[in-house]
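Thanks for making the time. I have one structure to go through, and I will take it contact by contact.

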Amino acid sequence: TRMSAVETLDRPAPAALPREIDAEDPFGFRDAEQWAELELTEEAMWMLEYLPVWHIDGTRVEIPDTGAWLERFILAYAPEITAVVPDTLAGRVGQRSSAALAAYRRLA
């Protein structure tokens, strides 16, 4: 939804809450309860240098299951990901993909 009007209020914005960030683990991957395994194409092995994936062997990597972020990540790089474990994650990605396609159909 786009904004159609802006209203200035007489009250101040709420104070920003301080955030503590662990410099050693800024994204909280250490505390991830579930991890996923992805099988990448050879051409996608560059991800090891730039993204939060850890090499298992061959073209298999593991990544923390951060929920919605990981689902979007898999969709964005789908052409370079040939397998996803666990099946529950693959199912979540499939549901997200179906919802996105349905949204496009409604716009068409």
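Start with Glu37, which is partly exposed at a relative accessible area of 31%. This is a predicted model, so keep that in mind for every value I quote. Which residue does Glu37 form a salt bridge with? The partner is Arg60, and the closest N and O atoms are 3.1 Å apart. Glu37 sits in strand E1, residues 35-40, and Arg60 in strand E3, residues 60-64, so the bridge ties together parts that are 23 residues apart in sequence. Arg60 is partly exposed too, with a relative accessible area of 29%. In general, side chains of opposite charge can pair when their charged atoms come close.

How many salt bridges are there in the whole structure? The search finds five. I will take two more of them, and both involve Arg92.

The first of these joins Asp65 and Arg92, at 2.9 Å from N to O. Asp65 lies in the loop between E3 and helix H2, which covers 68-76, while Arg92 is in helix H3, residues 87-107, so parts 27 residues apart in sequence are tied together. Is Asp65 buried or exposed? With a relative accessible area of 14%, Asp65 is buried, because the cut-off for buried is under 20%. Arg92 comes out at 25%, which counts as partly exposed.

The other bridge runs from Arg92 to Glu71, with 2.6 Å between the closest N and O atoms. Here the helices are the parts being tied: Arg92 is in H3 and Glu71 in H2, so the pair spans 21 residues in sequence. Glu71 is buried, at 10% relative accessibility. Through shared partners, the salt bridges join Asp65, Glu71, Arg92 and Arg96 into one network.

Staying with Asp65 for a moment, its side chain also counts as making a polar contact with the side chain of Arg92, at 2.9 Å. What else does Asp65 touch, once neighbours within four places in sequence are left aside? The contacts are Gln34, Trp35, Leu70, Leu89 and Arg92. I will come back to Trp35 shortly.

Now the sheet. In what order do the strands run? The sheet is open, has four strands, and the order is E2-E3-E1-E4 with antiparallel pairing. Strands E2, residues 54-57, and E4, residues 81-85, stand at the edges with a single partner strand each, so one side of each has no neighbour in the sheet. From one strand to the next, the twist averages 30 degrees. As background, strands of a sheet pair through backbone hydrogen bonds, either parallel or antiparallel.

Take the E2 and E3 pair as the example: the pairing is antiparallel and covers three bridges. Within that pair, Trp54 stands opposite Glu62 in E3. Helix H2 packs on the sheet and touches E1, E3 and E4, and its direction makes about 145 degrees with that of E3. H2 is also the helix that holds Glu71, from the salt bridge with Arg92.

Last topic, the aromatics. The whole structure has five aromatic pairs. How are the rings of Trp35 and Trp54 arranged? Their centres are 5.4 Å apart and their planes are at 70 degrees, so the pair is edge-to-face. Trp35 is in strand E1 and Trp54 in strand E2, 19 residues apart, and the pair therefore counts as a link between distant parts of the chain. Both rings belong to partly exposed residues: Trp35 has a relative accessible area of 31%, and Trp54 is at 37%.

A second edge-to-face pair is Trp46 with Tyr77, at 5.9 Å centre to centre and 65 degrees between the planes. Trp46 is in the loop between E1 and helix H1, residues 47-50, and Tyr77 is in the loop between H2 and E4; the two are 31 residues apart. Trp46 counts as partly exposed at 33%, and so does Tyr77 at 25%.

Which residues make up the aromatic cluster? Trp46, Tyr50, Trp69, Phe73 and Tyr77 form one cluster.

To recap, I covered the network of Asp65, Glu71, Arg92 and Arg96, the open sheet of four strands, and the aromatic cluster that includes Trp46 and Tyr77. That is what I have.

Methods:
Residues are numbered from 1 along each chain as its sequence is written. This is a predicted model: local features need pLDDT of at least 70, side-chain atom pairs count only at pLDDT 80 or more; totals for chains, interfaces and linings use all residues. Side-chain values use heavy atoms; hydrogens and water are left out. A salt bridge is a side-chain nitrogen of Lys or Arg within 4 Å of a carboxyl oxygen of Asp or Glu. Buried means under 20% relative accessible area, exposed over 50%, partly exposed in between (1.4 Å probe, protein chains only). Two strands pair if DSSP finds at least two bridges between them. Axes are lines fitted to C-alpha atoms, for helices over the stretch in contact, and angles run from 0 to 180 degrees between N-to-C directions. Contact means heavy atoms within 4.5 Å. A polar contact is a pair of N or O atoms within 3.5 Å; within protein, one must be able to donate a hydrogen and the other to accept it, and residues adjacent in sequence count only if both atoms are side-chain atoms. Rings of Phe, Tyr and Trp (its six-membered ring) pair if their centres lie within 6.5 Å; planes under 30 degrees apart count as stacked, over 60 as edge-to-face and the rest as tilted.
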